[in-house]
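Student: Could you take me through one part of this structure slowly, beginning with a single residue and then working outward to the strands and helices? I would like to see how a claim about a residue is reasoned out.

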Amino acid sequence: MKFAVTSKGDNVSNSLMQKIKTYLQDFSLEYDEDKPDICISVGGDGTLLYAFHRYRNRLDRTAFVGVHTGHLGFYADWIPEEIEKLVIAIAKTPYQVIEYPLLEVIVRYKDGGKESRYLALNECTVKRAEGTLVVDLEIKGDIFETFRGDGLCISTPSGSTAYNKALNGAILHPSIEAIQITEMASINNRVFRTVGSPLILPSHHTCMIKPVNADDFSITIDHLNIFHSDVKSIQCRVAHEKVRFARFRPFPFWQRVRESFVADE
Ligand code: NAP
């Protein structure tokens, strides 16, 4: 089995990365940064986002596992004290693979130029670089509302505990194939009106965001921020691809939610 290790870049994560690399090589596993079967991310959830994007073209062949060097993460759920156990499990046990849904985002342009396609593990956000975002939101081909405000966030179930949660979105179990749309500070008065509640779309529903006047947007895909101009539409739906996590022990999602947000122990 081939493996790769990515690090957050701080001293603690770098030294753990080196240890994991040496231990796995001692078990005769091959280090392959380009085509790993398993990628061990050391740092936090943010580090796993980077690893995901590094290997997004081989998601069907690379599984991820996360070690956290800070607080408990949703993607990074192993602690540094457990790395010997983790290394033995990787080297000796056929691991279980858990798949989580991803978000597909397709940006199309007015000049008919080549569309841009992205996959997000957490979410996509749509904002204006300057001024209020004014867009039409279509769901399954029908106009749903004209949104005016700071922006829109479209998240995956596993991303629902990230930015989406800060926007009062619901926490979705990652076995649910859906995307969630949440508003960022919508303008609501007697003239302008939006639904105000988060919307959860099933995998066979597509949402389309279309400019009303200004067609330049600041679009984030997880940690990446990309400026797009001359935009005709931004299409969001559940992707065909999935992210695969290597599981060596049960760690139920709701337990992670509880330990991250409710209780300390
Ligand atoms: P960052 O600003 O350095 O970190 C954002 C925080 O989000 C970190 O504490 C990170 O955990 C946590 N996080 C990432 N994915 C998560 C998940 N699925 N569930 C729970 N927490 C999660 O940015 P970054 O490291 O480049 O990560 C980009 C992400 O930041 C975006 O995808 C977005 O979700 C999030 N973000 C959140 C807000 C907000 O909550 N208001 C605003 C902007 C962006 P770790 O410390 O373990 O890495």
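Tutor: Let us begin with a term: a residue is called buried when its relative accessible area is under 20%, and exposed when that area is over 50%. The model we are looking at is a predicted one, and the residue I would like you to find in it is Asp 77, which has its place in strand β5, residues 76-78. Because its relative accessibility is 7%, Asp 77 counts as buried.

We can then ask what surrounds this residue. Leaving aside the neighbours within four places in sequence, Asp 77 is in contact with Gly 66, His 68, Leu 72 and Glu 82, and also with Arg 247, Arg 249, Phe 251 and Arg 256.

Let us follow one of these contacts, Gly 66, which is found in strand β4, made up of residues 63-68. Gly 66 has a relative accessible area of 1%, and therefore it is buried by the cut-off we began with. If residues up to four places away in sequence are not counted, Gly 66 touches Ser 41, Leu 48, Tyr 75, Ala 76, Asp 77 and Trp 78. To place Gly 66 against a distant part of the chain, take Gln 18, which is 48 residues apart from it in sequence, and note that the C-alpha atoms of the two are separated by 15 Å.

Among the residues touched by Gly 66 is Ser 41, and this leads us to strand β3, which covers residues 38-43 and is joined to strand β1 by five bridges, the two strands running parallel. One pair to look for here is Ser 7 with its bridge partner in β3, Val 42. Strand β1, residues 2-7, is also joined by two bridges to strand β2, residues 30-31, and these two run parallel as well. In that pairing, Lys 2 stands opposite Glu 30 of β2. To get from β1 to β2 the chain passes through helix α1, residues 11-26, and the β-α-β crossover made in this way is right-handed.

On the way into β2 there is a residue that makes a useful contrast with Asp 77. Ser 28 sits in the loop between α1 and β2, and its phi is near 70°, a positive value in a residue other than glycine. Its relative accessible area is 67%, and so Ser 28 is exposed.

Helix α1 has a packing partner too, namely helix α3, residues 83-92, and the two pack at an angle of about 35° with their axes 10 Å apart. Their crossing is right-handed. On the α1 side the contact is made by Leu 16, Lys 19, Ile 20, Tyr 23 and Leu 24, while α3 contributes Ile 83, Glu 84, Val 87 and Ile 90. Sorted by class, this contact has seven nonpolar residues and two charged ones, with no polar residue.

Let us now turn to another part of the chain and apply the same reasoning there. Strand β10, residues 142-155, pairs in the antiparallel sense with strand β8, residues 123-127, over five bridges, and in this pairing Val 126 stands opposite Leu 152 of β10. Strand β9, residues 133-139, also runs antiparallel to β10 and is joined to it by seven bridges, with Leu 137 standing opposite Glu 145 of β10. The hairpin of β9 and β10 has two residues between the strands, and in it Lys 140 takes a positive phi near 55°. A further antiparallel pairing, over six bridges, links β10 with strand β11, residues 178-186, where the bridge partner of Gly 149 is Ser 186.

Strand β10 also holds Ser 155, on which you can repeat the step we took for Asp 77. The relative accessibility of Ser 155 is 0%, and therefore this residue counts as buried. Beyond its neighbours up to four places away in sequence, Ser 155 touches Asn 122, Glu 123, Ser 160, Asn 164, Ala 178, Ile 179 and Gln 180. Ser 155 and Arg 237 are 82 residues apart along the chain, yet their C-alpha atoms are separated by 9.9 Å.

Terms used
Residues numbered from 1 in each chain as written. Predicted model: local features only at pLDDT ≥ 70, side-chain atom pairs only at ≥ 80, totals over all residues. Heavy atoms only, no water. Pairing = 2+ DSSP bridges. Helix = DSSP H or I, 4+ residues; strand = E, 2+ residues; numbered from the N terminus. Right-handed = clockwise from strand over helix to strand, strands pointing away. Axes fitted to C-alpha atoms, helices over the stretch in contact; angles between N-to-C directions. Left-handed = near helix turned anticlockwise from the far one by under 90°. Contact = heavy atoms within 4.5 Å. Nonpolar A, V, L, I, M, F, W, Y, C, P; charged D, E, K, R; others polar. Buried < 20%, exposed > 50% of the residue type's maximum accessible area, 1.4 Å probe, protein only.
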